[in-house]
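Dear colleague,

I am handing over the structure below, and after it you will find my notes on what was found. Please read them alongside the coordinates.

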Amino acid sequence: MASTGTQIFAFVLALLGILGATVATLLPNWKVSADVGSNIITAISQMQGLWMDCTWYSTGMFSCTLKYSVLALPAYLQTARTTMVLSCVLAALGLFLASLGLKCTRWGGGRRAKRHAAMAAGTCFLASGFLCLVPASWYTNEVIVSFLDANVPESNKFEPGGAVYVAFISSGFLFMGGSIFCLSCSGKRHGPQDLILLPPDKLLLQQQQQLLQQQQQQDQLQHQYCSLSPLDNKTGYSLQDYV
């Protein structure tokens, strides 16, 4: 298995990934209005996210409108909502499994159980990173295609916002963390496979019981040897039998 420091590094990467994915899901700036041509004078900047649309006005006011109707949304936006939520859920499940698979923790069972937990955590992180990458890529493609479309008015053209870049970076963190956790389960395993990590008191008691059992086995063997020795002497050869 990988070293403890490597697993902790992977855990930190996955933690940054899930925080970034959560922030990107909630941010309203998945696309922002592009400063090209003549825009509406009353509105300085417009932002659109997965859950709401926001507008900055020249008077300094800031207003947001929630997107209540799901069926009225385009397909790429509905997909982005679903996949980002699933990505956060899988990443949270991966963090729970990773805490069980870390070598520096006492919970999680033996070495074999920890390897299985680390492998499951790595799989969850990889799946979460993929689910975070798909909506970011699809959303970016839709924004670019709409921006390059000559039929779209210049006042309605948008460009990718900061939330998209956060989603891309978060997916990279999740991919790296998941890869490290999966690689930590590869290679040869030396030593006992089912060694259970016990507290010091229970470990000392278990060692005392093993020593007591070994002593009892030695006493039984010595007793059997002593009980057989007189018979062996009687069955041996003696010169007096031939005189």
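Arginine 81 is buried (under 20% relative accessible area, 1.4 Å probe, protein chains only) and yet has no salt bridge, a salt bridge being a side-chain nitrogen of Lys or Arg within 4 Å of a carboxyl oxygen of Asp or Glu; the nearest side chain of opposite charge, aspartate 53, is 8.1 Å away. This is a predicted model, in which local features need pLDDT of at least 70 and side-chain atom pairs count only at pLDDT 80 or more, while totals for chains, interfaces and linings use all residues. Residues are numbered from 1 along each chain as its sequence is written, and side-chain values use heavy atoms, with hydrogens and water left out.

Arginine 81 belongs to helix α2 (residues 75-101), helices being DSSP runs of H or I of at least four residues and strands runs of E of at least two, numbered from the N terminus. A polar atom of the arginine 81 side chain lies 3.2 Å from the backbone oxygen of lysine 67. Leaving aside residues up to four places away in sequence, arginine 81 touches Leu50, Trp51, Lys67, Val70 and Leu73, where contact means heavy atoms within 4.5 Å.

Threonine 65, in strand β4 (residues 62-66), counts as exposed because its relative accessibility is 51%, the cut-off being over 50%. With the same sequence neighbours left out, that is, up to four places away, threonine 65 touches Trp51, Met52 and Asp53. Threonine 65 and cysteine 54 are 11 residues apart in sequence and 6.4 Å apart in space, C-alpha to C-alpha.

With best regards

Technical notes. Lys, Arg positive; Asp, Glu negative; His and termini not counted. Polar contact = N/O pair within 3.5 Å; in protein donor to acceptor, adjacent residues only side chain to side chain.
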